[in-house]
Structures are given as structure tokens and as C-alpha cells.
Amino acid sequence: ERPPPRGGLGRHRRVCARRPAPPAPVRNQHGRAPDRGSAAMELILFAGLLVVVSAALAALGFRGRDQVVGIDLGTTFSVVALKSGNKVTVLPDHLTGKQLLPSVVTYHPNG
């Protein structure tokens, strides 16, 4: 009798026998694999709905918030500004009246 050839199919069987089984496929609540096409379609529909709602609100005259507060936290100084309509006002410190506030944190021993 001849010995089996080296390498070839015998080696393939040994290598495959050592591999762990692949993980079970992900299933949804109905026991089916998730359909990636439907998730993409839902995202496209949501984006389309968002565009339609935004266009409708713009047509009705909605232009966003009346007032917006902006805070610039710098490493040395910070600034707080209020935008109301088309006017921007930098809010000064209530004690010193300066527009630039030092970015300082203080810890007191008694809290």
C-alpha cells in the first residue's frame, strides 16, 4: 500500500478540523437574518421626510430660534455672547464690567 501524498487533501482536512466553528449568524426577533437593504431604505426615507418637513417650516416662516447664546471657552480667557435677531451682544462680567472673563477654576478648602 502507498502512503497518502504529503500536503494535498490530507493536510487540508487536518487544518480545517482545528478551526473553531464560525459564530452563529445574527437573527432578528422573527428568527431571520437582518436585511441590510431595508435599513438603508429606512435611512433614505427618513432623510427625505426631514427635507420635506424643513421645507414646509421654511415656507411657513420659521427661521430658527429668536435668541442664541454662544460661549467661547478659552484656555486663558472666555467670552459669552447673545445673538438676538441679527444683533450680537457680548455679555460683560457682572462684577467688573469686562467682556473677557478669565478662565480660572478655584478650589476652596472648605468647599
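Here are some notes on this predicted model, for someone opening it for the first time.

1. **The overall layout.** Start with the order of the pieces: along the sequence the pattern reads α-α-β-β-β-β. That gives 2 helices and 4 strands in the chain. Of the 111 residues, buried ones make up 2%. The chain exposes about 10700 Å², and 61% of that comes from carbon and sulfur atoms.

2. **Contacts along the chain.** What share of the contacts between residues at least 6 apart in sequence joins residues at least 24 apart? The figure is 17%.

3. **The first hairpin.** Now look at β1, residues 67-73, and β2, residues 77-84: these strands pair antiparallel over 7 bridges. Together β1 and β2 make a hairpin, with 3 residues between them. If you want a spot to check the register, find G70, which sits opposite A81 in β2.

4. **The second hairpin.** Strand β2 also pairs with β3 (residues 87-91), again in the antiparallel sense, through 5 bridges. This is a hairpin too, with 2 residues between β2 and β3. Have a look at G85 in that turn, where phi is positive, at about 70 degrees. For the register here, S84 stands opposite K87 in β3.

5. **A short partner for β2.** Which strand does β2 join through 2 bridges? That is β4, residues 101-102, and the two run antiparallel. The residue of β4 to look for is L101, since it stands opposite S78.

6. **S78 in more detail.** S78 belongs to strand β2. Is S78 buried or exposed? Its relative accessible area is 10%, so S78 counts as buried, the cut-off being under 20%. Its side chain makes a polar contact with the side chain of S103, at 2.6 Å. Leaving out residues up to four places away in sequence, S78 touches D72 and L73, then Q99, L100, L101 and S103.

7. **V88 on β3.** This valine is found in strand β3. With a relative accessible area of 55%, V88 is exposed, because the cut-off for that label is over 50%. Beyond its neighbours within four places in sequence, V88 is in contact with A81, L82 and K83. You can also compare V88 with V69: they are 19 residues apart in sequence, and their C-alpha atoms are 9.5 Å apart.

8. **V104 past the last strand.** V104 lies in the segment after β4. At 59% relative accessibility, V104 is another residue that counts as exposed. How far apart are the C-alpha atoms of V104 and T76? The separation is 7.8 Å, for residues 28 apart along the chain.

9. **A nonpolar patch.** Finally, turn to the surface patch made by L49, V53, L57, L60 and F62. This patch is nonpolar and covers about 530 Å². One of its members, V53, lies in helix α2, which spans residues 36-59. V53 has 40% relative accessibility and so counts as partly exposed, the range for that label lying between under 20% for buried and over 50% for exposed.

Note on methods
Residues numbered from 1 in each chain as written. Predicted model: local features only at pLDDT ≥ 70, side-chain atom pairs only at ≥ 80, totals over all residues. Heavy atoms only, no water. Pairing = 2+ DSSP bridges. Buried < 20%, exposed > 50% of the residue type's maximum accessible area, 1.4 Å probe, protein only. Polar contact = N/O pair within 3.5 Å; in protein donor to acceptor, adjacent residues only side chain to side chain. Contact = heavy atoms within 4.5 Å. Patch = residues over 30% accessible without salt bridge, like charges linked within 9 Å, V, L, I, M, F, W, Y side chains within 5 Å. Areas by Shrake-Rupley, 256 points an atom, 1.4 Å probe, with all protein chains shown as cover. Salt bridge = Lys/Arg side-chain N within 4 Å of Asp/Glu carboxyl O.
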